[in-house]
Amino acid sequence: MHKFLNAILVLVALVSGFVLYSLEHTTRGLEREVARLERETAREQESIKFLNAEWSSLTRPDRLKALATQHLGVQPLEASQIVTPEELAARVPAEPVIKLEADGHDPIGAIIEKMQ
Amino acid sequence: MTEIALPEIEDAEPAGPKPLAGQNRIRLIAICFVGAFLAISVQLGLLTLWPKLDDDAGKLAREAPLPRPDIIDRNGVLLATDIAVASLYADPSKIIDIDEAVELLTATLPDLDARTLRQKLSQPNRAFAWLKRQVTPEERDAVYNLGIPGVGFVNERRRVYPQGRLSSHVVGYVDLDTKGIAGIEKFLDGQGAIYTASLADPSEHKTEPAQMSIDIRVQAALIDELSQAIAKFRAIAGGGIVMDITTGEVLALASLPDFNPNDEKKSFSKDQMNKMTSGVFELGSVIKAVTFAMAFDYGTATLESRYDARFPLVIGNARINDYHAKRAILSVPDIFVNSSNIGTARMALDVGLEKHQEFLRRVGLFDRLVTELPESARPLLPKRWSKLATATAAFGHGFAVQPLQGAAVVAGLLNGGYLMTPTFLRRSPEEAMAMAKQIVKPTTSETMRYLFRLNAADGTASKADVIGYRVGGKTGTAEKVVNGRYSKEKRLTSFIGAFPMDDPKYLVLVMLDEPKPTPETYGFATSGWNAVPAAAKIIERIAPMLGVEPRFTAEDLEKLEKQKKAKKG
């Protein structure tokens, strides 16, 4: 009886020891993972900040203006170039001027069909 | 002796089953052991079943200083931020092959000088030498990959201003220890510390960005047009302000020459100070607007009143003359449109010395205007308030204010009579109204709007009338004081206006210091020929950004046609 009890106790001790060590091992692994992720998050946040600063610097209005005048040939908007929706509506003809579908010729429709 | 002693002990033993010697002691020890094991198992149980959370990590983060808030403009564009930068150093005592190290480093970082680098590395008794401060992340990775022993990085934080000189005066800058020493950066550390603290979230170890009222697109347009005007008229300096008059928010503030806050050496000259707040200037005729509003508000003049401007006004031994002399009896709108000094002085004298001072005090021109910007100058007023002082102060002589303060007062005259302290932070119209002070009656404000619009439609400020945007404005040309006398050659020209005039929302102030006449201006160098056209260009560029819809009357369309023909011809 005594021997049997002792054997069980020894077994229990061994099993619990194994469980304890394996748990600790996984915990350590998880802790390392957490630390790694935290480091990575911090690094990502730093690079987000850096990229934000770079983006803001690259989209500086004075820089964009210089690039636009150099490459696009655009000019500042004049008041007379602004048209209200009502004025625009007055210029829209009631019927489409060119009836492509009636001619059996519909390039945009053809593109859409091709995509489908 | 011992043999005799033993039987004595035998005899002493009792007859029954005797308790073991020291049994009590064993029991005591057993109790102790049981107690100790119990304590251990209870503690073990407590710790495993209800684990106490480890607080140390949080504590450490909380002790570290909170990051400095980023600064963004009203649309969320980044104006200032902290970035981590690595600085490259070397430990010469650990370097094995100096030639190889020099070769590799100069190949990766081309801006390093090979000779000085070799010198730095050839000092084996030194343990530390900076090679390059603040390298980019790409450079850092490249140097890491070289794997040279004895070369390492130290992480530093650096404040950067991505918008460069666009944000120079308003945002300001920090010193090497990231302590604000100019502009809003100083405000965040000093008087605005409570505001800064409200942005911080210590539990997350994060700080919300501080949002300014500045619109960087408007700021860019303002600076661009101002520098073009300065170059065209060979002015020595210039400045401009764009303000939302319904809230007092400053949308743009420029003072040229400016600087780049990212410069390593922050040794800026006096020319580069913020003239809009830390300098006082005689704005000249722009101040007439204040005199007119005063006369209307006290009821001593109406639009129908007439004043004699046939002869120079003589007070004591001083004569007040007109620049655009009409030599006639002028109506009040005529005085405004022709910017008559005589007429304005007479209007002020009609109001009286006492009331003139009282009104100037009411609009705050006796006090220093304090905004978030740390640099602010007190207005310069006549020392003794005599009849002559009233007459000259009426048209802005002997009367110097910070341009921003002038703008704030005119904004108050045009927005219905509500004086609001200008701000560089976001403010809603409700907040603005809660802090506003009524300085003139709404009807007075109505009349002022009419006069401003009239002056831009066909007056001294007619070149500011960007067709469609209903601009109104007042010009000012002040002679600069040189060696205690007013100079005829050196002028300070200014324009202050607002648009759209049917419901003014935005105020524009432009100031040019010593503009010179050019052939295009037919030899004139008064405000109408330089500051006003510059303001027109600014308004034309910023109005679409600010969402002001152009509206055209039949008359406007005719004018546009004429302009088009003139351009073609």
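**View 1. Hairpin between strand 19 and strand 20 of chain B.** In this predicted model, six residues link strand 19 of chain B to strand 20 of chain B in a hairpin. The two strands run antiparallel and are joined by eight bridges. One residue pair to look for is F499(B), whose bridge partner in strand 20 of chain B is Y506(B).

**View 2. Hairpin between strand 18 and strand 19 of chain B.** Here two residues separate strand 18 of chain B from strand 19 of chain B in a hairpin. In the turn, N483(B) has a positive phi of about 50°. Strand 19 of chain B covers residues 485-499, and ten bridges hold it to strand 18 of chain B in an antiparallel arrangement. Along this pairing, E479(B) has R491(B) of strand 19 as its bridge partner. T475(B) is placed opposite F495(B), which also belongs to strand 19 of chain B.

**View 3. The five-stranded sheet of chain B.** Both hairpins belong to an open sheet of five strands in chain B, ordered 9-8-20-19-18 with antiparallel pairing. Strand 9 (249-256) and strand 18 (472-482) of chain B are the edge strands; each has a single partner strand, so one side of each lacks a neighbour in the sheet. On average, neighbouring strands of this sheet are turned by 10° against each other, direction ignored. Strands of a sheet pair through backbone hydrogen bonds, in parallel or antiparallel fashion.

**View 4. Helices on the sheet of chain B.** Helix 10 of chain B, residues 216-232, lies across strand 8 (237-244), strand 9 and strand 20 (506-513) of chain B. Its direction is at about 30° to strand 9 of chain B. Helix 20 of chain B, residues 531-545, also packs on the sheet. The strands touched by helix 20 are strand 8, strand 18, strand 19 and strand 20 of chain B. Between the directions of helix 20 and strand 20 of chain B the angle is about 145°.

**View 5. Chain A, a chain of helices without strands.** Chain A contains four helices and zero strands, and its pattern along the sequence is α-α-α-α. The radius of gyration of chain A is 37 Å, well over the 13 Å that the globule rule gives for 116 residues, so chain A is more spread out than a compact globule. The C-alpha trace of chain A spans about 105 × 45 × 25 Å along its principal axes. Of the 116 residues in chain A, 3% are buried.

Definitions and conventions:
Residues are numbered from 1 along each chain as its sequence is written. Chains are lettered from A and ligands numbered from 1 in the order in which they are written. This is a predicted model: local features need pLDDT of at least 70, side-chain atom pairs count only at pLDDT 80 or more; totals for chains, interfaces and linings use all residues. Two strands pair if DSSP finds at least two bridges between them. Axes are lines fitted to C-alpha atoms, for helices over the stretch in contact, and angles run from 0 to 180 degrees between N-to-C directions. Two residues are in contact if their C-beta atoms, placed from the backbone, lie within 7 Å. The radius of gyration is taken over C-alpha atoms; the globule rule is 2.2 Å times the number of residues to the power 0.38. A residue is buried if 20 or more other C-beta atoms lie within 10 Å of its own, exposed if 12 or fewer, and partly exposed in between; C-beta atoms are placed from the backbone.
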